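These are my notebook entries on a single structure, written down in the order in which I looked things up. I begin with the helices and then turn to single residues.

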Amino acid sequence: MTGRREIFTDEHEAFRRTVRAFLEREVVPFHEQWEKDRMVSRDVWAKAGAMGLLCFDVDEEYGGAGVKDFRYNLVLAEETTRVGAHGPAFGLHTDIIVPYLSSLGTPEQKRRWLPGCVSGELITAIAMTEPGAGSDLQGIRTTAVDKGDHYVLNGSKTFISNGILSDLVIVVARTDAEAGHKGISLLVVERGMDGFERGRNLEKVGQHAQDTAELFFDNVVVPKGNLLGEEGSGFVSLMVNLPQERLSIAMAAAAACEKLLELSLDYAKERQAFGRPIGKFQHNRFVIAEMATEAHIARVFIDDCVRRHNAGELDASGAAMAKWWTTELQKKLADQAVQLHGGYGYMMEYPVARAFVDSRIQTIYGGTTEIQKEIIGRSLGL
């Protein structure tokens, strides 16, 4: 489907042009090297900050633009996905992590951290997953023991996006071993704190330019001034913020579906077999017709979710629906696109092959598809 989407205004489209120009200039020429390096350059974060592409919802008094309109986040997700720029995790930073600082931080914490987040000087991560605890946050074993004016943090985390580059890490830790989910708190660990060590940059199936690491905390002294929100409120804070995280992932998934359709359609028109374009064969034409229909459904669904999120009406169940359905569709379309490309679809120099391996994580992080269905089922009284 073509034509202007009603969800956007001229201001959003102007922002899109800014984002697109930035990516073409500062990201696309370097992304292949970042893939080899398994990490992006810190310079691209500073450049993005200087262009106003980070944390635009942060209040002006802390250096942001104060623009609380998730349609701008949608534009950023679409444009980065369009060029396969998963390395600079701007969406993770802006949509998922910094909102914890904005919503839970004290005025002093906001003054200390938010300006650097906006400028790209401070790169963020959130450390939830542990070797023995993934989506089950109540299984967290990392501990933070109250020592009066500080906590002593011990434990380990894994699969942490931005794990190597991060300057601020929001760590999910247990401050009360006997209180169940009410014993979980959020602590901000800063680069250079004694006992805070980063493990290896993990070798992933895809998204190689995005650094993902193990983190270790060995008697790390974390000042009470780095407690984010009230002690014991961490689980509730995570539940409040997770719907936006899942919507952010879904936005990228819907954009990826459109990109996979575009790649498949172009190839079907150009590739010849038995004297005619492969798109002229009924089976291929039907496959692409289905892809086009499903990608359009995803787009309409996500645009509606963003509207509802802006209005404060997107609940956990709605976000879970968006996350599981669009990411499973992305996985399906990626597989169909590779099949349509034949042998070329298995070659990494083709964008469709990179899209295939980069897409596989989408149904896992941010809560697996199974977890999303569990959330929806419970919301239905089951």
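Where in α5 does a kink lie, and shortly before which proline? I looked this up in what is a predicted model, and I found a kink of about 45° at V98, shortly before the proline P99.

**Entry 1: helix α5**

I then checked the span of α5, and its end C-alpha atoms are 20 Å apart, which agrees with the 21 Å that its 15 residues should cover at 1.5 Å a residue. I noted that the helix is mostly covered, with 11 of its 15 residues buried. Among the buried residues I listed F90, L92, H93 and T94, and both V98, where the kink lies, and the proline P99 are buried as well.

**Entry 2: α5 against α6**

For the next step I kept in mind that two packed helices are described by the angle between their axes and the distance between the axes. I looked up helix α5 (residues 90-104) together with helix α6 (residues 107-119), and I found that their axes come within 9 Å and cross at roughly 160°. Angles over 145 degrees count as roughly antiparallel, and α5 and α6 are therefore roughly antiparallel to each other. I also recorded that their crossing is left-handed. On the α5 side the contact is made by H93, V98, L101, S102 and L104, while α6 contributes Q109, K110, W113, L114 and C117. V98 thus appears twice in my notes, as the place of the kink in α5 and as one of the residues in the contact with α6.

While I was at helix α6 I also looked up R111, which is found there. R111 is exposed, with a relative accessible area of 55%, and its C-alpha lies 6.1 Å from that of Y62, although the two are 49 residues apart in sequence.

**Entry 3: helix α7**

How many residues does α7 have, and how far does it reach from its first C-alpha to its last? I found 37 residues, numbered 234-270, and a reach of 53 Å, close to the 54 Å expected at 1.5 Å a residue. In α7, too, I noted a kink, of about 35°, which lies at N241, shortly before the proline P243. Of the 37 residues 27 are buried, so α7 is largely enclosed by the rest of the structure.

I picked A268 in helix α7 for a closer look. A268 is buried, with a relative accessible area of 3%, and, leaving out residues up to four places away in sequence, it touches P277, I278, G279, I288 and L340. I also looked up its separation from R174, which is 94 residues away along the chain, and found 54 Å between the C-alpha atoms.

**Entry 4: α9 and α11**

I went on to helix α9 (residues 316-341) and helix α11 (residues 369-379), whose axes come within 9 Å and cross at roughly 145°. Their crossing is left-handed. The contact involves residues of α9 including A316, M321, K323 and W324, and residues of α11 including T369, Q372, I375 and I376.

K323 came up again when I turned to Y365, which sits in the loop between α10 (351-359) and α11, because Y365 touches Q207, I249 and K323, not counting residues up to four places away in sequence. At 28% relative accessibility, Y365 counts as partly exposed. I added that Y365 and R246 are 119 residues apart in sequence, yet 9.1 Å apart in space, C-alpha to C-alpha.

**Entry 5: two positive phi angles**

Most residues other than glycine have a negative phi, and with that in mind I looked up two exceptions. R38 has a positive phi of about 65° although it is not a glycine, and it is found in the loop between α2 (31-37) and α3 (42-50). With a relative accessible area of 24%, R38 is partly exposed. F159 has a positive phi of about 60° and is not a glycine either, but its place is in strand β3 (residues 150-161).

Is F159 buried or exposed? I found it exposed, with a relative accessible area of 57%, whereas T158, also found in strand β3, counts as buried at 8% relative accessibility. Apart from residues up to four places away in sequence, T158 touches T129, E130, P131, L202, A213 and E214. Of these I looked up L202, which is 44 residues from T158 in sequence and 9.1 Å from it in space, C-alpha to C-alpha.

Technical notes
Residues are numbered from 1 along each chain as its sequence is written. This is a predicted model: local features need pLDDT of at least 70, side-chain atom pairs count only at pLDDT 80 or more; totals for chains, interfaces and linings use all residues. Side-chain values use heavy atoms; hydrogens and water are left out. Helices (H or I, at least four residues) and strands (E, at least two) are DSSP runs, numbered from the N terminus. The expected span of a helix is 1.5 Å times one less than its number of residues. The bend at a residue is the angle between axes fitted to the seven residues ending there and the seven starting there. Buried means under 20% relative accessible area, exposed over 50%, partly exposed in between (1.4 Å probe, protein chains only). Axes are lines fitted to C-alpha atoms, for helices over the stretch in contact, and angles run from 0 to 180 degrees between N-to-C directions. Angles under 35 degrees count as roughly parallel, over 145 as roughly antiparallel, 65 to 115 as roughly perpendicular and the rest as oblique. A crossing is left-handed if the near helix is turned anticlockwise from the far one by less than a right angle, and right-handed if clockwise. Contact means heavy atoms within 4.5 Å.
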